[in-house]
Each structure stands twice: as C-alpha cells, then as structure tokens.
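Welcome aboard! Please open the model in your viewer and keep the selection panel handy, and we will walk through it stop by stop.

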Amino acid sequence: MAKKIQKIQDLVEKIKNNPSDLAFVIFSAPISKVQDQDLLQSPFPIPTDKKCIKIKIRPSATKSSYKEQIFFAEFFTEKQTFHRKINVDELAELIIQTGGIWFKSIALRFRMNSASVQELITVLSNKKGQVRIIYSTEKKSEHLEKNSFAEFKNKNYILQEGKIVPFLVRLGIMTQDGTVVNSKRDKFKQVNKFLEFVADILPELKKLSGGFSKERPLKIIDFGCGKSYLTFALHFYFSEINNLPVEIIGLDLKEEVILECERLATSLSLKGITFIKGDIAQYANSQKEKKSLPPDLMVSLHACDTATDYAIEYAIKQGCLAILSVPCCQHEANSQLEYKSCKKEFKPLLKHGLIKERFASLVTDALRVEILEQQGYSVQVLEFIDMSHTPKNILIRAVRSLKEKKQNNPSELAKELGLDLTLNSLVNH
C-alpha cells in the first residue's frame, strides 16, 4: 500500500499547493474486495454496513481563505447519498486512502492560468493493484467562449434572465435584479430544459383530466425531491406562468433537506406545495385509506436504482396521467448479467466492465419503457441535458394513452438476457 500512496503523493501535493484551482473530483468504479476495511471507514460518513459506490467533490460556494478552502463532498451508496464538508487536508487523505484501494478511478479537473484550458488528471488502478496517472488538457472553443453568453441571453427560455423569479433568487441561481449567477448557468439551463418537457405535455394533461380548477387542482408528486429546484420550478410554471391551481408534494428521505424546503416555501408564501419526509413505499401505504384524487403527474429524478421502479409502479397503479423519470444508478441488471451463461451474441457487451455497466443501464430503461407501453402509456425517451453536464441524461416521459392496455407478454429481451427486474415483478406479479 505504501507504494500506491507514493505514486499519488505528487498529485496530493498539487492539490494542497493549489486548492482553489481544483474544479471537481469524482471517485468511481468501486473495488469489490477491500483488504483493509478498517482503514477506509474513517473518511466515509456512511454506515459501516453500507458500501460507498461513488464520491463527488466540488469546491464549496462558501468563500474561504487559501488555507481554509472548503469542499462539498457527496458520498453515494446504492440507495442513499451522504453529504459532508471537508478541507484540503481531508481531501488529500481521502485520495491517499482510496486511490487504487477502494476505487479503480479518480478523475480530477484543474483550472489553469488560461481560462480556455483545463487540466484533466485520471488515477487508474487495475486488478493487480497497479496504479497509473494520466495527464491531459482540454481546450474550449474560443468561438463558443465568446458567443455563449450572448446565445444564453437570447435563447427563448421559459424562465428568462432579467425577469426576477423569486425561488431562483432564494436558491442562489439569480441575483436580486434577475441576473443569472455565472456559476449557476448550467443549473438554470437544466431547470428550463425540464420545464420544456413539462410544457410539451400540458395540453395532454388538460385533455385527459378534463381541465383543472380550484375544485380540481393539478396534483403532482415529486419522489426524491432533494433540494427541490425542479419542484419549485413546477410550482412557479403552473401557478404563476399558467395561472393553474396546483398541489405539489415533494418527498425525500433526508429530514434536513425537507426542513430547508419547508423554510423556503414558507419564506416565499407559497400555497399548494408540501414537503414530506419518507420513502415511496411508506407514502404509497399512507394513501391507501384516503379517497382523494391520485396525482396527475409523477416526477422521479435520479431516484437511485430500483427506487425508480417503485416510483413508476406507484404511478401506474395510481393511474397517473403522466410520468417524468430520470433513472439513476441502474445496478440491478448489471448484477444479473453473467458473461459465462449469456448467449454468444451478447458476450462482447459483457466482456468489459464499463461497457457492461452502460449496456445494463440502457437495457434496464428499455425494459421500463416496454412495461409502461404495455400498461397503456405513450412513451418517449429524451435527452435531459448534455452529456458534458452529467452522464445521467435519459429522461423517460410517459403519458397515459386513451387506448386500452396491451397484453402483458413477457419481454423477449429480458428472457434472452435472463433478467427478472424489479419493475416487472411489481407490476405483473
């Protein structure tokens, strides 16, 4: 282990000497067997019985001095995310203790003196425990750099820069005069892109529901709402832009997140928006005895692994008119796909771990789409945001069709691959 630590010592020193230049760090591809479990527990703010599968680290928005540079770290297990603020020394220690030991890959991006060039550093570890470091640079297009801001301002967004949106101001995306904060432009674009997907199906929602009124408001459930950027965006879009009565429930497992969302909603004097701590199954059971109308729209963005399946099952069984789901961390199919037992036609897709992981994710979502279509939904698979922002960019948009449900025939694809996924079990068994 001393040899591994020595190989990344220069990288650690680079971080310590220039912490303000670090744009992000991503730890991924967890190693299945860890020899020294006790050594690795200290950096992780997660229960000892859970496995950390990914870590994302970025500079904190809090301004600090050179020696007090703070980073915001997200630790992901299969079903939960844990947050922690760490300093430079803690980040360095995390890299030393995990590089080539806990994770096979650590990707770092550094800002360089030139605004148009960034340095990319990747730490890779193989099965033999050998560690190598790859250095490269990335140059941005000067033409795009000069014209991106003008294009950004001229684009016909639903939420436009220069027009004050209170919740965006409170969330730090806009300033008090309606100017979008430079570091938050990607988030601003994401919110607008999401609202475009919603705007496309609003006519169908009105048609399928017979119209919305005070007596019959538009009802929305947002599973895994998190900090609720998009939950508040939905409320603003329907109530302020379209002048429609709306009732939105945001559900999340993290109590501190729910309390913060409640404080924000109260400070903005918003009506028709509620936040609840809990999981999908808990919420579904609590609704069984109630005779209120089911949600018209179910939203599930980045619900991890099979949590997406439980959200879709809830929407199907409740008869939701529309579903917007961005799946995340599709591990279930990956764990079921076996190279040795699969048919020879599929072996090239399962030979390499990275290809297998991506193939499994695509297969999972393809089977989800197939089930939704069998359940009477018209489904589209759309790109949520550019791959440069996040690899989790597939959005499943499903709208209930007026046609009858199709016969629930077993999926040929699932059969050929030997897969029995959660959504199929939930819906058909």
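A crossing of two helices is called left-handed if the near helix is turned anticlockwise from the far one by less than a right angle, and right-handed if clockwise. Keep that in mind for two of the stops below, and remember throughout that this is a predicted model.

**Stop 1: colour by confidence**

Start by colouring the chain by pLDDT. The average is 81, and 82% of the residues score at least 70. Now select residues 62–67, where the pLDDT is below 50; this stretch has 7 contacts in the model beyond near neighbours in sequence. Next, pick residues 386–391. Here too pLDDT stays under 50, and the model has 4 contacts for them beyond four places in sequence.

**Stop 2: helices α2 and α4**

Select residues 9–17 for α2 and 88–98 for α4. Their axes are 10 Å apart, and the helices pack at an angle of about 165 degrees. Angles over 145 degrees count as roughly antiparallel, and that makes α2 roughly antiparallel to α4. Turn the view until one helix lies in front of the other: this crossing is right-handed.

Which residues make the contact between α2 and α4? Show side chains for Gln9, Val12, Ile15 and Lys16 on α2, and for Val88, Asp89, Leu91, Ala92, Ile95 and Ile96 on α4. Sorted by class, the contact of α2 with α4 has 7 nonpolar, 1 polar and 2 charged residues.

**Stop 3: the β3–β4 hairpin**

Now select residues 70–76 (β3) and 81–87 (β4), which pair in the antiparallel sense over 7 bridges. The hairpin that joins β3 to β4 does so through 4 residues. For one bridge to click on, take phenylalanine 71, whose partner in β4 is isoleucine 86.

**Stop 4: the seven-stranded sheet**

Switch to a cartoon view for the open sheet. In what order do its 7 strands lie? Reading across, you pass β10-β9-β8-β11-β12-β14-β13, with mixed pairing. At the edges sit β10 (273–277) and β13 (377–383), each pairing on one side only. From one strand to the next, the twist averages 15 degrees.

Zoom in on β8 (residues 218–223) and β9 (residues 246–252), two strands that run parallel and are joined by 6 bridges. Among the residues here, lysine 219 has glutamate 247 of β9 as its bridge partner.

Then add residues 185–209, which form α7. This helix lies across β11 (297–304), β12 (322–328), β13 and β14 (394–400), and runs at about 10 degrees to β14.

**Stop 5: helices α10 and α11**

Finish with residues 280–287 (α10) and 307–318 (α11), whose axes come within 10 Å and cross at roughly 20 degrees. Angles under 35 degrees count as roughly parallel, so α10 and α11 are roughly parallel to each other. Rotate as before, and you will find that α10 passes α11 in a left-handed crossing.

To see the contact, show Ile280, Tyr283, Ala284 and Gln287 of α10 together with Ala307, Tyr310, Ala311 and Tyr314 of α11. Coloured by class, the contact of α10 with α11 has 7 nonpolar, 1 polar and no charged residues.

Definitions and conventions: Residues numbered from 1 in each chain as written. Predicted model: local features only at pLDDT ≥ 70, side-chain atom pairs only at ≥ 80, totals over all residues. Heavy atoms only, no water. Axes fitted to C-alpha atoms, helices over the stretch in contact; angles between N-to-C directions. Parallel < 35°, antiparallel > 145°, perpendicular 65-115°, else oblique. Contact = heavy atoms within 4.5 Å. Nonpolar A, V, L, I, M, F, W, Y, C, P; charged D, E, K, R; others polar. Pairing = 2+ DSSP bridges. pLDDT = per-residue confidence, 0-100.
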